[in-house]
Amino acid sequence: MEDNYEDLKHKQEWQAPHSSSGTELDMEHYEALPRQLHYAGFWLRFLALVIDSLIVVLAGVIFGFILGAMGGSAKSLDIPFFIASWLYCALMESSPRQATIGKMVLGISVTDLSGNRISFGRATGRYFAKIISGIILSIGYIMAAFTAKKQALHDIMASTLVVKN
């Protein structure tokens, strides 16, 4: 009985996949193996949000001055400012860098639940889910401090993670 247990235990042990030569790793199989993810905590994410907010607000102020100098109304910037903010987040987080400038500075990135790059559609869903995270007294953001995978509400809704690089 103990021999059967040892045989079963031996079969369940992970062995690195090898190529036909038996000496090199087969990269096709190796890439499919799960990697260890280190989740970015609340304060790191908060600081990235502050940096990104400063970038977006600074861009808005510059465009506001330009529009004001041309005799336009700052109110006419609301929709373009919202679209620019969405595109900034969604395009940057779905890019090969997987991060906005604030996240890049702090060495964190946005991934799917397997640690892979997210699509533009998922990044867009994550961006609009942030509105819900903020509307409920920012409790959706604060959730990142208390969940096992450090996910905020918008991460849970979009099935994403924010990880340390």
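The expected span of a helix is 1.5 Å times one less than its number of residues. The legends below use that rule on a predicted model.

**Figure 1. Helix α4 has the span expected of a helix with its number of residues.**
Helix α4 covers residues 78-93, which makes 16 residues. At 1.5 Å a residue, α4 should span 22 Å. The C-alpha atoms at its ends are 23 Å apart, so the two values agree. Five residues of α4 are named here as buried: Ser85, Tyr88, Cys89, Ala90 and Glu93. The buried residues of α4 pack against three helices and a strand: α3 (42-69), α5 (101-106), α6 (120-135) and β1 (108-112).

**Figure 2. The whole protein chain combines helices and strands.**
The protein chain has eight helices and two strands. Read from the N terminus, the order is α-α-α-α-α-β-α-α-α-β. The chain holds 165 residues, and 29% of them count as buried. Take the contacts between residues at least 6 apart in sequence: 62% of these join residues at least 24 apart. The chain exposes about 10,900 Å². Carbon and sulfur atoms supply 65% of that area.

**Figure 3. Helix α4 packs against helix α6.**
The axes of α4 and α6 lie 8 Å apart. The angle between the two helices is about 130 degrees. Angles over 145 degrees count as roughly antiparallel, and those from 65 to 115 as roughly perpendicular. The pair α4 and α6 is therefore oblique. The crossing of α4 past α6 is right-handed. On the α4 side, the residues that meet α6 include Phe82, Trp86, Cys89 and Glu93. On the α6 side, those that meet α4 include Phe120, Tyr127, Phe128 and Lys130.

**Figure 4. Lys130 sits in helix α6.**
Is Lys130 buried or exposed? Its relative accessible area is 13%. Buried means under 20%, so Lys130 is buried. Leaving out residues up to four places away in sequence, Lys130 touches Cys89, Glu93, Lys103, Tyr141 and His154. Cys89 and Glu93 are also among the α4 residues that meet α6.

**Figure 5. Helix α3 also matches its expected span.**
Helix α3 has 28 residues. At 1.5 Å a residue, α3 should span 40 Å. Its end C-alpha atoms are 40 Å apart, so expectation and model agree. Buried residues in α3 are Phe42, Arg45, Ala48, Asp52, Val56, Gly60 and Leu67. Just past the end of α3 comes Gly71, with a positive phi of about 90 degrees.

**Figure 6. Ser133 is a buried residue of helix α6.**
The relative accessibility of Ser133 is 0%, so Ser133 counts as buried. Which residues does Ser133 touch, not counting residues up to four places away in sequence? They are Ser138, Ile139, Gly140, Tyr141, Leu153 and His154. Ala152 is 19 residues from Ser133 along the chain. Yet the C-alpha atoms of Ser133 and Ala152 are separated by 7.7 Å.

**Figure 7. Two loop residues, Leu137 and Lys150, have positive phi values.**
Most residues other than glycine have a negative phi. Leu137 has a positive phi, near 60 degrees. Leu137 belongs to the loop between α6 and α7 (139-142). With a relative accessible area of 72%, Leu137 is exposed. Lys150 has a positive phi too, near 55 degrees. Lys150 belongs to the loop between α7 and α8 (153-158). At 29% relative accessibility, Lys150 counts as partly exposed.

**Figure 8. Lys164 lies in strand β2.**
Strand β2 covers residues 160-164. Lys164 has 44% relative accessibility, so Lys164 counts as partly exposed. How far apart are the C-alpha atoms of Lys164 and Ser109? They are separated by 6.5 Å, although the two residues are 55 apart along the chain. Leaving out residues up to four places away in sequence, Lys164 touches His38, Tyr39, Ala40, Leu44, Gly107 and Ile108.

Terms used. Residues numbered from 1 in each chain as written. Predicted model: local features only at pLDDT ≥ 70, side-chain atom pairs only at ≥ 80, totals over all residues. Heavy atoms only, no water. Helix = DSSP H or I, 4+ residues; strand = E, 2+ residues; numbered from the N terminus. Buried < 20%, exposed > 50% of the residue type's maximum accessible area, 1.4 Å probe, protein only. Contact = heavy atoms within 4.5 Å. Areas by Shrake-Rupley, 256 points an atom, 1.4 Å probe, with all protein chains shown as cover. Axes fitted to C-alpha atoms, helices over the stretch in contact; angles between N-to-C directions. Parallel < 35°, antiparallel > 145°, perpendicular 65-115°, else oblique. Left-handed = near helix turned anticlockwise from the far one by under 90°.
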